[in-house]
Amino acid sequence: MELNIAVDFEDYFPSMMERLGAEGFIGELCNGFRLLMDGQRGLITFESLKKNGVILGLNDMGDDEIVCMLSEGDMDGDGALNQIEFCILMFRLSPGLVVDDNIYYGSRQWVEEYI
């Protein structure tokens, strides 16, 4: 028996960017980062994402999915996400923020400018 599950995804980032402006939008991403981070380390770690992700409804995520999420955004290879890595990952995951085929508004330079 084949399951055919369709998921509707609505990308709110473009409308948030338009409404809040670049600086306000980055501020909201930073608020999300702080919500998910480990307060002691100042990073989103496996443990902090597993624990704090429940707030965002991520409680059904398996350990392998959490590891995958972290590795997707981990640019420096430390196994955790710092604030810039998190913001860049959020931009990359938003199809509505793609300018051309592969150019994002959220380049590292652009994100660093507002953090």
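Helix H1 gives the largest share of the lining of the largest pocket, eight residues. The model described here is predicted.

**Pocket**

The largest pocket holds about 660 Å³ of space. Its lining is made up of 26 residues, and the closest to the pocket centre are Phe13, Leu56, Met69, Phe86 and Met90. Helix H1 (13-36), helix H3 (63-73) and helix H4 (83-92) are the elements that give two or more residues to this lining. By residue class, the lining of the largest pocket divides into 20 nonpolar, three polar and three charged residues.

**Nonpolar core**

The largest nonpolar core has 21 residues. Within this core, Phe25, Leu29, Ile44, Phe86 and Phe91 have the most contacts. H1, H3 and H4 each supply at least two residues of the core, and the largest share, nine residues, comes from H1. Phe86 therefore appears both among the core residues with the most contacts and among the residues closest to the centre of the largest pocket, a core residue being buried by definition. In soluble globular proteins, nonpolar side chains tend to be buried together.

Phenylalanine 25 touches Phe13, Met16, Met17, Leu20, Phe91 and Leu97, when residues up to four places away in sequence are not counted. One of these partners, Phe91, is also listed with the most contacts inside the core, and another, Phe13, is listed with the residues closest to the pocket centre.

**Salt bridges**

Across the whole structure, two salt bridges are found. Side chains of opposite charge can pair when their charged atoms come close.

| Salt bridge | Closest N to O distance |
|---|---|
| Aspartate 63 and lysine 50 | 2.3 Å |
| Glutamate 72 and arginine 92 | 2.7 Å |

The bridge of aspartate 63 and lysine 50 links distant parts of the chain, with aspartate 63 in helix H3 and lysine 50 in helix H2 (residues 46-52), 13 residues apart. Aspartate 63 counts as partly exposed because its relative accessibility is 39%, and lysine 50 counts as partly exposed because its relative accessibility is 41%.

The salt bridge between glutamate 72 and arginine 92 also links distant parts of the chain: glutamate 72 lies in helix H3 and arginine 92 in helix H4, 20 residues apart. Glutamate 72 has a relative accessible area of 42%, so this residue is partly exposed. Arginine 92, at 34% relative accessibility, counts as partly exposed. The cut-offs behind these labels are under 20% for buried and over 50% for exposed, with partly exposed in between.

Key:
Residues numbered from 1 in each chain as written. Predicted model: local features only at pLDDT ≥ 70, side-chain atom pairs only at ≥ 80, totals over all residues. Heavy atoms only, no water. 1 Å grid on protein atoms, 1.4 Å probe; cavity = no way out; pocket = protein on both sides within 12 Å on 5 of 7 lines; lining within 4 Å. Points joined across faces, edges and corners; volume = space filled by probe spheres on them. Helix = DSSP H or I, 4+ residues; strand = E, 2+ residues; numbered from the N terminus. Nonpolar A, V, L, I, M, F, W, Y, C, P; charged D, E, K, R; others polar. Core = buried A, V, L, I, M, F, W, Y, C linked by side-chain atoms within 4.5 Å. Buried < 20%, exposed > 50% of the residue type's maximum accessible area, 1.4 Å probe, protein only. Contact = heavy atoms within 4.5 Å. Salt bridge = Lys/Arg side-chain N within 4 Å of Asp/Glu carboxyl O.
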